[in-house]
Amino acid sequence: MRWEDFRVSENVEDRRGGGSIGLPGGAGGLGIGTMIILGLLGWVLGIDPRILIGGAETITRGGGGVTQQRAPQGKQGVPEDQAGRFAAAILGNTEDIWKEIFPAQVNREYRPPKLVLFSGATRSGCGAAQSAMGPFYCPLDQTVYLDLSFFQEMQRKFRAGGDFAYAYVIAHEVAHHIENQLGLLARVQARQREVGKAESNQLSVRVELMADCLAGVWAKHSNERYRSLEQGDIEEAIRAAEAIGDDRLQRQAQGYVVPDSFTHGSSEQRVRWFTTGFKSGQVKSCDTFRTSRL
Ligand SMILES: [Zn+2]
């Protein structure tokens, strides 16, 4: 992938290198003034973590207890290291592309999300964020949270590395922001409070597959504008989508697959929806809530 010419976003806050913060309950030694009680916040606000936590994550659930963290202070502006610059460049490109196609296709102004880079753990508007959760989008502070070591994990654990695979992960999280701007996340959350677990998971799957499709829409327009894709890039993204499907992750984690508990969609679904968006370049092709074939 050729990303070196992408405009680098300034909506990045770099919280890396602040030392990792003990989680949960391991916050001994922090000054009282810098402590913030989190953890139950999502529950109090009635937010479903399956919506808050987007993308390619290998979710470690539980830990609903009270967590204490230092309020992080990140550096604003463009990161200087290669990985940080890459993330800022991909974000910048999603800004440029969505600013153009959002008004044209859905008649709305695009207001870009923020990106927080962290290592280990940090605080998010949706509660404590840990690397193990994988990248996610928090609609409450309209911010994508990303520990760049996730990309190493993709490479090492899933053999799904490559710069376009990583770009796809960022674009997927940005797509959750688009769903948020469309009012979809709020509607889904309201519905999820009314239905049972299986149906609630089904709704999450639709949200996730739509994000995969929207990532494909971005990829198509980015490539048209910047000729950014190189041989093998699409295969990279597809490998990533395959590798981080719920069925694959579950099989690795517990040796069998439980479709009712899927929240991201199977590998096949993720690949298919990404491809749908990439082929059409149209937001409206991504309506996973109105489709005969999910
Ligand atoms: Zn997601």
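How many disulfides does the count come to?

1. The count comes to two disulfides in this predicted model. A disulfide is a covalent bond between the sulfur atoms of two cysteines. With the bonded cysteines of the chain numbered in sequence order, the pairing reads 1-2, 3-4.

2. One disulfide is formed by Cys 126 and Cys 138, with sulfur atoms 2.0 Å apart. This pair links distant parts of the chain, 12 residues apart: Cys 126 sits in the loop between strand S6 (121–124) and strand S7 (127–130), while Cys 138 belongs to strand S8. The torsion about the S-S bond of Cys 126 and Cys 138 is about 85 degrees, so this disulfide is right-handed. Both cysteines, Cys 126 and Cys 138, are buried.

3. Cys 213 and Cys 286 form a disulfide too, and their sulfur atoms lie 2.1 Å apart. Here the linked parts of the chain are again distant, at 73 residues apart, with Cys 213 in helix H7 (residues 197–226) and Cys 286 in the segment after helix H10 (267–280). The S-S torsion of Cys 213 and Cys 286 is about -75 degrees, so the disulfide is left-handed. Cys 213 is buried, at a relative accessible area of 0%, and Cys 286 is buried at 1%.

4. Strand S8 is also part of an open sheet of five strands, in the order S4-S1-S5-S9-S8 and with mixed pairing. Its edge strands are S4 (75–76) and S8 (136–138), each pairing on one side only. S8 is joined by three bridges to strand S9 (residues 143–146), and the two run antiparallel. Phe 136 stands opposite Tyr 145 in S9.

5. Helix H3 (residues 82–106) lies across strands S1 (12–14), S5 (114–117) and S9, and runs at about 165 degrees to S5.

Note on methods. Residues are numbered from 1 along each chain as its sequence is written. This is a predicted model: local features need pLDDT of at least 70, side-chain atom pairs count only at pLDDT 80 or more; totals for chains, interfaces and linings use all residues. Side-chain values use heavy atoms; hydrogens and water are left out. Two strands pair if DSSP finds at least two bridges between them. Helices (H or I, at least four residues) and strands (E, at least two) are DSSP runs, numbered from the N terminus. Contact means heavy atoms within 4.5 Å. Axes are lines fitted to C-alpha atoms, for helices over the stretch in contact, and angles run from 0 to 180 degrees between N-to-C directions. A disulfide is a pair of cysteine sulfur atoms within 2.5 Å. Buried means under 20% relative accessible area, exposed over 50%, partly exposed in between (1.4 Å probe, protein chains only).
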